[in-house]
Amino acid sequence: MKATGIVRRIDDLGRIVIPKEIRRTLRIREGDPLEIFTDKEGEIILKKYSPIGELSDFAAQYAESLHRTVGHITCISDKDTIIAVSGASRREYLEKPLSADLERVIEEKATLVVKSPEDRAISIIMDESADKKYTAQVISPIISEGDPIGAVLLLSTDPNAQMGEVEIKLAQSAAGFLGKQMEQ
């Protein structure tokens, strides 16, 4: 564990303020859920909670199934990182932080479709290499109880690939299904 040198006091209601610098570094926003752990040495550990992360094994199987169906790179993300990938290197995507563009698409709760290379594709992960050119994308936010909690992404780097109604409907159906799973 890394020491920060920052000391805070607990107030009379049992609250503690997490410093702004730490919240910014860990990408913790107002309203984000945190999971609380304790260990044998009496340490309290706060971890950013990802509701869709609870389904990571299921999400990996779902991503694999979608990839086999459409043949495109398939990723499933929570609001911060890619939690499942199929059709591409796991090392390249898995647990990588999302780009600001992708975070914005998720927050807007609207499906983004880049049908062909003529349309402008967005970067998926933070600090993605400039030589990574997506030629087609479908990004469908996962909504649970009205809140965006992640996304289903179908991606292609093939210059001849195009995303059509089938890919759009598959991504939207997968996102809808995963969102409903989180509500149960």
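This short presentation describes the overall build of a protein model and then one group of aromatic rings within it.

Good morning, colleagues. The model before you is predicted. Let me begin with the fold as a whole. The protein contains five helices and seven strands. Read from the N terminus, these elements follow the order α-β-β-α-β-β-α-α-β-β-β-α. The C-alpha trace extends over about 60 × 40 × 30 Å along its principal axes.

Turning to packing and surface, the protein has 184 residues, of which 36% count as buried. Considering contacts between residues at least 6 apart in sequence, 52% join residues at least 24 apart. The exposed area amounts to about 11,300 Å², and carbon and sulfur atoms account for 50% of it. As for charge, the protein carries 25 positive and 31 negative charges, and the mean positions of the two sets lie 3 Å apart.

I now come to the aromatic rings. How many aromatic pairs does the structure hold? There are three. One of them joins Phe 58 and Tyr 62 in an edge-to-face arrangement, with 6.0 Å from centre to centre and 80° between the planes. Both residues belong to helix α2, which covers residues 56-70, and they sit four residues apart, about one turn of the helix.

Are these two residues buried, partly exposed or exposed? Phe 58 has a relative accessibility of 31%, so it counts as partly exposed. Tyr 62, at 21%, is likewise classed as partly exposed, because the buried class requires a value under 20%.

Phe 58 also takes part in a pair with Phe 177: the ring centres are 5.9 Å apart and the planes meet at 40°, so this pair is tilted. The reasoning rests on the angle, because planes under 30 degrees apart would count as stacked and those over 60 as edge-to-face. Which parts of the chain does this pair link? Phe 58 lies in helix α2 and Phe 177 in helix α5, residues 165-183, so the pair links distant parts of the chain, 119 residues apart. Phe 177 has a relative accessibility of 36% and therefore counts as partly exposed.

To bring these residues together: Phe 58, Tyr 62 and Phe 177 form one aromatic cluster. Within this cluster, Phe 58 pairs edge-to-face with Tyr 62, while the pair of Phe 58 and Phe 177 is tilted. Thank you for your attention.

Terms used: Residues are numbered from 1 along each chain as its sequence is written. This is a predicted model: local features need pLDDT of at least 70, side-chain atom pairs count only at pLDDT 80 or more; totals for chains, interfaces and linings use all residues. Side-chain values use heavy atoms; hydrogens and water are left out. Rings of Phe, Tyr and Trp (its six-membered ring) pair if their centres lie within 6.5 Å; planes under 30 degrees apart count as stacked, over 60 as edge-to-face and the rest as tilted. Helices (H or I, at least four residues) and strands (E, at least two) are DSSP runs, numbered from the N terminus. Buried means under 20% relative accessible area, exposed over 50%, partly exposed in between (1.4 Å probe, protein chains only). Contact means heavy atoms within 4.5 Å. Accessible areas come from the Shrake-Rupley method with a 1.4 Å probe; for residues, only the protein chains shown count as cover. Lys and Arg count as positive and Asp and Glu as negative; His and the chain ends are not counted. The place of a charge is taken as NZ of Lys, CZ of Arg, CG of Asp or CD of Glu.
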